[in-house]
Amino acid sequence: MAEDGLKQLEMPLVLDQDLTKQMRLRVESLKQRGEKRQDGEKLLRPAESVYRIDFTQQQKLQFERWNVVLDKPGKVTITGTSQNWTPDLTNLMTRQLLDPAAIFWRKEDSEAMDWNEADAQEFGERLSDLAKIRKVMYFLITFGEGVEPANLKASVVFNQL
């Protein structure tokens, strides 16, 4: 429970393996056919994966904090997307990537996580607003400096209003 009596709800960012696979297949398909991406299309890079939070029946949320842990030194960048995604019907466009992104890192010889505090806070507060109109929120997570999905445990903690 939060100090002021609000119930806290921790919502995990879950790797969407099917969507990640589908986006990787799009990249492979373009390569095999020798075609270029659609103008403004965001293609998934090898170090990126798609994650999601399911907001079903949690529309009145107030952002409290990110809970991001890397089990080894490295860096992750979490970028939200602005569309209710149906990649079988539409491709992800760069204009649908939300600013700012939240960047988290763990330095060598440290157990502590660091992050871009102001941007992460702004992004988290935006999630509270999006939860009012979305059942699902998709994220593009970029892994850097030697980390991969298996090294990440991430969630967002909200106060339930």
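Guide: Let's start with a word we'll need: a residue is called buried when its relative accessible area is under 20%, and exposed when that figure is over 50%. One caveat is that this model is predicted.

Visitor: Okay, what share of the 161 residues in the protein is buried?

Guide: Buried residues come to 44% of the 161. As for what is left showing, the protein exposes about 9400 Å², and 47% of that is supplied by carbon and sulfur atoms.

Visitor: What makes you call the protein as compact as a globular protein of its length?

Guide: First, the parts: two helices and nine strands, running β-β-α-β-β-β-β-β-α-β-β from the N terminus. The globule rule gives 15 Å for 161 residues, and the radius of gyration is 16 Å, which is close, so the label fits. If you prefer a box, the C-alpha atoms fill roughly 60 × 40 × 25 Å along the principal axes.

Visitor: What do the contacts say about sequence separation?

Guide: Take the contacts with a separation of 6 or more: 78% of them are between residues 24 or more positions apart.

Visitor: How do you know what span helix α1 should have?

Guide: Helix α1 covers residues 17-33, which is 17 residues. The expected span is 1.5 Å times one less than the number of residues, and that works out at 24 Å for α1; the end C-alpha atoms are 24 Å apart, so the two agree. Right after α1 comes G34, with a positive phi near 70 degrees.

Visitor: Which residues of α1 are buried, and why can we say they line one face?

Guide: L19, T20, M23, V27 and L30 are the buried ones in α1. Looking down the axis, the buried residues stay within an arc of 110 degrees, so they line one face of the helix. On the other side of α1, Q17, D18, K21, L25 and Q32 are exposed. The cover over the buried residues of α1 includes β2 (14-15), β3 (48-54) and β8 (136-144).

Visitor: Why is the sheet's β2 said to stand at an edge?

Guide: Here's the layout: six strands make an open, antiparallel sheet in the order β2-β3-β8-β5-β6-β7. β2 and β7 (113-115) each have a single partner strand, so each has one side without a neighbour in the sheet, and that puts them at the edges.

Visitor: And what makes β5 and β6 a pair?

Guide: Two strands pair if there are at least two bridges between them. Strands β5 (residues 74-80) and β6 (residues 102-106) are antiparallel and joined by five bridges, so by that cut-off they count as paired. Within this pair, V76 stands opposite F104 in β6.

Note on methods: Residues numbered from 1 in each chain as written. Predicted model: local features only at pLDDT ≥ 70, side-chain atom pairs only at ≥ 80, totals over all residues. Heavy atoms only, no water. Helix = DSSP H or I, 4+ residues; strand = E, 2+ residues; numbered from the N terminus. Buried < 20%, exposed > 50% of the residue type's maximum accessible area, 1.4 Å probe, protein only. Arc of directions from axis to C-beta. Contact = heavy atoms within 4.5 Å. Rg over C-alpha atoms; globule rule 2.2 N^0.38 Å. Areas by Shrake-Rupley, 256 points an atom, 1.4 Å probe, with all protein chains shown as cover.
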